Each structure stands twice: as C-alpha cells, then as structure tokens.
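Got the viewer open and a selection tool ready? Let's walk through the model together, one stop at a time.

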Amino acid sequence: MSFDLSSDYFSLFGLPVSYSIDGEVLTQKYRELQQVVHPDRFANASEKERRLSLQYTTYLNEAIRVLKDPLTRARYLLELKGIKWDDEQSTLSDPVFLMQQMELRESLSEVREQSDPFAAVADIIAKVTAIIRSNTLELEALLQSDNQDDWMVAKNQVRKMQFLNKMISEAEALEAELEDS
Amino acid sequence: MALLQISEPGQTTAPHQHKLAVGIDLGTTNSLVATVRSGQADVLADESGNRILPSVVRYQKEIAPQVGQVAKDAAPTDPMNTIMSVKRYLGRGLDDIKKKEFISYNFSKTDSVVPRFHTVAGEVSPVEVSADILKVLRKRAEASLGGELTGAVITVPAYFDDAQRQATKDAARLAGINVLRLLNEPTAAAVAYGLDKKAEGVIVIYDLGGGTFDVSILRLNKGVFEVMATAGDSALGGDDMDAVIAGWLMQQAGIDIESDQAQMRRLMHEARRLKEALTDSDCVDISIERMDGSVWQGELKRDQMNELIDALIRKTISPCRRALRDAGITTDDIKDVVMVGGSTRVPRVREKVEEFFGKPALVNIDPDEVVAVGAAIQADVLAGNKPDDEMLLLDVIPLSLGLETMGGLVEKLIHRNTTIPVARAQEFTTYKDGQTAMSLLVVQGEREMVQDCRSLARFSLHDIPPMVAGAARIRVTFQVDADGLLSVEAEELTSGVRNSIEVKPSYGLEDGEVEQMLRDSIDHATDDMEARRLREQQVEAERVIEALQAALEKDGDRYLSNEEREKIDQALSGLQQAQQGEDPQSIKTAVKILEKTCDAYVEKRMNSSIQEAMSGHKVTDFEP
C-alpha cells in the first residue's frame, strides 16, 4: 500500500506515541479523516480514486481499531518498540496466573449447575474485568518506561490480557446462550 | 486551453449538473423508489398515484411478466407462476429452501445450486424475479424524473450475508441499474429519521419487515452515522406471522395439510387480513370456504393471535440483546428506539420491544417509506449533488468471515460488527511434504464448525513450489468493501504465486450466467444491444470528463507541471473525440488512457487532502 503518510497509527491521528491516549481526539480526528477518504466521497470517481479510497479507509479503520482497544494498543506499542510476537511458540510461565485461570475456567464450566446461573456468570465477568482493569494500570506504567526489561514484563502482561479477554468473550457467549434458552 | 463543450439536444454538460439518482427499497412484501428533488426526499408514484409496488411477479406464456398489484391479485388463482416474497430466496441455495416453508413453488432440477422457479414462461431464478421488480422501479423513476438514472442506492437487510448481497447486486445489474452503494436498511432508516428529527446520540433501529429482521444500534453525531452493532435474522418477518396464523386457521377449519397451493395462498391472504385487522380491533370475524365448498365461520381475538406470534417476536429480542452487548452499551444509554418495517404495526411487537428496551418505541415515521427515503438521501450525496455535505455513514459487517482450518473448524479473520471497509490477512502453511496446491473454503457465520456456517466459496491456490511441510507461507487476505462485499486474495510468500477471487458465492450465479440472462431477457431482446452499449460508454465518458474538468479547474495548476498538464489535456481531447464517435470500444479505451495519464495527479490530490485533514489546515492556508 502506498500509504506514505505517517510512520505509525498514533501520528495519523495527531496523537503522541504513548499508551494513554485522548479518546475524544482520536474519535474526532478519525471522523475528520473519514470525511476526506471514505468511499462515499468517491462513488462517482475514477477507478484509481475508488481503489485508493478503499485502501486509505481500510487503513484508517485498522488504525482506530488497534488504538481504541487497550490490549491491541499495548501490543502495537510494543511492536513499535521492536518487540516481536511469536504467539504460537511461547507459553506463559506464571504459576499464580495459571492457577487463577484454571479456577476461573472451572467456575465457568460449572455455571449451568448453579442455582442462579446468571448471577454466577455475571460474577465471573466482574472478577475478570477487575483483573483486566488492574493489569491495564500496570501496563500503563510499564509502557511509559524506557527500560527494555519493563517492556518484556509488559509483553507478558499483554499475553495475560489476551487470555483474560478470551475468557470474557466466552463468559459473554455463555450468558447469551443462557438468555436465549 | 479552452475545453471542448459537447452538447446533445436535451442535454447539457454544465458542471454540477443535478444527477438523477434514486434510492430503492427492494422489500420482501413491497418495493419503493425515492429521490431527492429540490432538497426534498420523495417517494415516486406510478401513473395511477401508487407509491408502493407489491414485490410480486407473475410469469405468463409469451408475454412480459406482470409486476405489482396485478400480479398480487392473481396469486390465489395462478399460484405457481406468481412469485411472492422472492427476497426470501435471494442468494440462497435449494438446501436452505427445502426447510419447510408454508408457501411452496415448483423448483426445477438443474445442475446449479441456485434455485429456479418452474413457471409457464420457463425457469426463472430469484435474481431474475428481483430484476423484474427493479426494472419496473427504474422505469418509474426515469419516467417521473425525465431522464436516464446515474445510479441507485439499493437497500439490503443489514443481516444479509455475502451471497445475498451479491445476488442483490446481480439483480440490479440485470435490471440495467448502476449500483452506487448497497445500503443496510436500518442505516437508511437512521439517516431519514436522524435528519428529519435532527437527532443526536445513540439510537436503535428495530426493523421488522415482511421476511427479514434487523436491529442496528447507531451513534449519531453531527451528520456522522456510525453503526455500533447490528444483529438480526434474515429469514424472519411478517410472512412468518401470517404462516402461523394460517396454520391455526387450517386447524380450526379442519383443512387438510395436503391442500393445494391455491388454497394455501388464500389462507395466507386471509391470515394477513386478520393480522392487519387486529391492529385496531380486539376481535375479528372469519369466514373460510373449504375445498368442498362448505364454509367455516369463527373469530380470532387479539390475545389469541398474540399467543400465536409470541414465539416469533421472542426471536427478535435475542438479537437486540446481542447487539447491545456487541455495542458495549446498556438500555440506559439509548436515546430513541425507532420502529421500522410494516410488521412493527402489530401492537404486540411494539409492546415487547418497549418492554425490552424500557422506553417507548417511536412510531412517528412512516415505517414503509423511511428506508427508501434514507436511501434516496444517500444516493443524492453519492451522485455528487451535494459536494459540501458532511453526511457520512460508517457501517459494519453483520456476520464474521473466516476460513476452514483442520478438522472442520473455522478460523475467523474478520469479526462481526467490524467497521467496513476492512481488510485482514492471515498466514497458513502446507501440511504435507511437496504439497503444490491448497484449497480454501471461505465461510460466514458465528459458529465454530464449518458445517454450521454459511459456505461462501471454495477456491484453490495452485503452483506452490514443492517444499517440506510447513515451509510454504500462504497469506490469505480478506477485503470487505463499503457494500459489505468480500474479495479474497491468496499468495504464497516465498514464491509470489498469487490467486485472487471476487467471492462469487457458491449460492450465486456464475458471471457467465448473468451475461446470458442479460442477453435472454425479453427486455433486452427488443433493445438494440449495440446502441445500449454505446450509450453506456458515452455516459461513462461524460462522467469522467466532468469529474476531471472540475478537478483541474480547482487545483490543476498546483499539482501539475506544464508538461504533465499537456499530456492530460491531450488524453482528454482524445476521449472527447472518441465520445463523439460510434464505437463503444474506442471510448472505453480512451477512458482507460485518460485515467492512466491522470494516475499520478489523482494520487497527489488524494494524499494532499489527507495531509490537510491530518494537520487540520488546508494547503491553501499556507499560500500567500
């Protein structure tokens, strides 16, 4: 893609390269850029313009998606710092975290047997959300650091968040199933 | 240089000429066409003043198909040749249709997976039936606007999958309509509602039509309509209510399940009448003539009907819940709940929707016309009639897109409710030594197993250089455009072998089939195909010339050296010359040459407008 506009997603929206971002500015700038590049502005234009517009808008949508979500934003920021992700190979070796995960998983699998399955699943979602919140705070501090060691810790933290997010979506899917049955 | 001005009688090449663009609501039960005239969006009526066109087509021997009310009236007497609710079949395979439907047709056995209705006029596919409806709307628009259409925005249920969208686009092409955009129905409704009521904030569009259900949650902010989430059921609507009521009638009147289709059509018709009557009254009298001429008389109370349709209404509530969850909001965040679609006239539907969202459902807009009106507003913007308009629609993909992986599992590449356009790539590898080909199955849906999702297309990447298992790197890229349509590209990265497909769904028509239908259709047989093609190319040339002239006038001097400008002017007059000739091919070539010559210029213009938007300044701000 010949998008020689900026070196990173942050500057695309005029934001400093940093974990904490101003959501208002992000949304506002996103809308302004969409006004210029969106395919609706080129419905009647030449093929070349339509193709460019599609590419730019796709890029813009990817950029905001990555920056909006704290997890993908952290991942992306670490990539900018030169951290590589080899998701397939690496495993987490944090016994405390793994134990916590197993316990949560177990309670998730037992939700249906509870007297109030809705409350049980809501409880799990609340627990995981709380862990995610405290992890996000830790991440914020780690990502502000200039120390490479901190980035490696951050990397681990991100991977834990991926597990936690997955658990949230599983819990929500279960909640939806309960509601629909 | 003075640019040549070409005018044919009755035409003008004045810049900013108002383009004839329409919005079309191709509905299960009814279809409408609307346009914006002097700033006002209006539904267009036929010569007798009817604004609504029943989506019914009747095929007869050796005469053109009848469309609309005439066809609808003939349905009980000519059930097998009169196709109703064709939208339920659009973009679907025979397998989907075999699932029990109350109304049935004779389907021909063919090699194609696309169902074909067997009628006295021959076999017709759902795409052709839809095209016959669209043609009538096109002609209505051209007659009432007095000219050829630049293009149309056609609405589709937000929950339509790729195959159903593609089929809609094929139908438009067959009807001779240039599709400016496929627009999601609830989004169209939000546009009409939002602009009319000057609404801001989060709104819900609950759209229950004749055969489809959508719920969309949008954030409205200064002309930007951002869809946060959408959910629905593309086979659920008023038809299903009629079917359960008709089933009850059969039971009550002791009518055999094996009744003929004419009887079934009459029952559906009666069921619909009862449903509509119970909107205002609490009880309605029924009188039904059985096959043997005897008559059954009875009554249906509203409470009884509510009991019959409650299960169907419940099926619309789970998607509402899912949309809220996906949007990450609760009912407290919602400002308005807007009811769209004829089936929201049923009081029980309103009751249940209000109960779920905990606020009154707004019924102060015309549920039949609002979608067409929204589409017309969007068409007006897309045609370029409002160059300074700030309206912008940011829509999402309704269903996740993925690929089959080992063991029949689905690997999702693009998740539902992602803003479009979007592209996502994923790498795969070979699993056997020396493997030189790879077959990919593209699926759409939320379930984990391939068999539970919709198979969209299967395609293969060949000529992979033989390597040990796991060494090849095949990158598959999914691109979804602003119409919500998918194209897929696969590339072997170590060798650069690539293969790309427009996802022509397994349930869609082959490219050749659409061409063949174009040739076969009665309409076009009487047309002079040559003349038509020439006219199309001339219109296209005109569009290109106009757009370029406007651009050059605005900023040609800023971005082009004298030499570059000369080349463009040359190509431009080349096209203007070709346009006066009679050869469609040479016009086409001249357009290509002109566009190629302008490539660099176009890119510069776009990049600088993005730079402007990024910096928040206009380039002209820096000029002395």
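Turn on the surface of chain B to begin: about 27,500 Å² of it is exposed, with 48% supplied by carbon and sulfur atoms. Keep in mind that you are looking at a predicted model. Chain B has 624 residues, and 54% of them count as buried. Switch to a cartoon and you can find 15 helices and 27 strands in this chain. If you draw a contact map for chain B, taking contacts between residues at least 6 apart in sequence, 66% of them join residues at least 24 apart.

Next, select B:R181, which sits in strand β11, residues 179-184 of chain B. Is this arginine buried or exposed? B:R181 counts as buried because its relative accessibility is 8%, below the 20% cut-off. Now show side chains across the chain boundary: B:R181 and A:D40 make a side-chain polar contact of 2.7 Å. Expand the selection around B:R181, leaving aside neighbours within four places in sequence, and its contacts include A:P39 as well as A:D40 from chain A. On the chain B side, B:R181 touches B:A152, B:V153, B:I154, B:Q378, B:L382, B:A482 and B:D483.

Follow that link over to chain A and colour it by domain. The assignment gives domain 1 as 9-68 and domain 2 as 95-180. Place a marker at the C-alpha centre of each domain and the two markers will be 31 Å apart.

While in chain A, pick A:E177 in helix α7, which covers residues 148-180. What does the side chain of A:E177 pair with? Its partner is the side chain of A:R112, through a polar contact of 2.7 Å. A:E177 counts as partly exposed because its relative accessibility is 45%, between the 20% and 50% limits.

Return to chain B for some backbone geometry. Most residues other than glycine have a negative phi, and most peptide bonds are trans. With that in mind, try these three stops:

- B:K198 has a positive phi of about 50° without being a glycine. Look for B:K198 in the loop between α5 (185-197) and β12 (201-208); at 71% relative accessibility, it counts as exposed.
- B:D463, also not a glycine, has a positive phi of about 60°. B:D463 is in the loop between β24 (454-461) and β25 (474-480), and counts as exposed at 62% relative accessibility.
- B:P421 follows B:I420 through a cis peptide bond, with omega near 0°. Find B:P421 in the loop between β21 (409-414) and β22 (422-428).

Notes. Residues numbered from 1 in each chain as written. Chains lettered and ligands numbered in written order. Predicted model: local features only at pLDDT ≥ 70, side-chain atom pairs only at ≥ 80, totals over all residues. Heavy atoms only, no water. Domains from an automatic or database assignment. Helix = DSSP H or I, 4+ residues; strand = E, 2+ residues; numbered from the N terminus. Buried < 20%, exposed > 50% of the residue type's maximum accessible area, 1.4 Å probe, protein only. Contact = heavy atoms within 4.5 Å. Areas by Shrake-Rupley, 256 points an atom, 1.4 Å probe, with all protein chains shown as cover. Polar contact = N/O pair within 3.5 Å; in protein donor to acceptor, adjacent residues only side chain to side chain.
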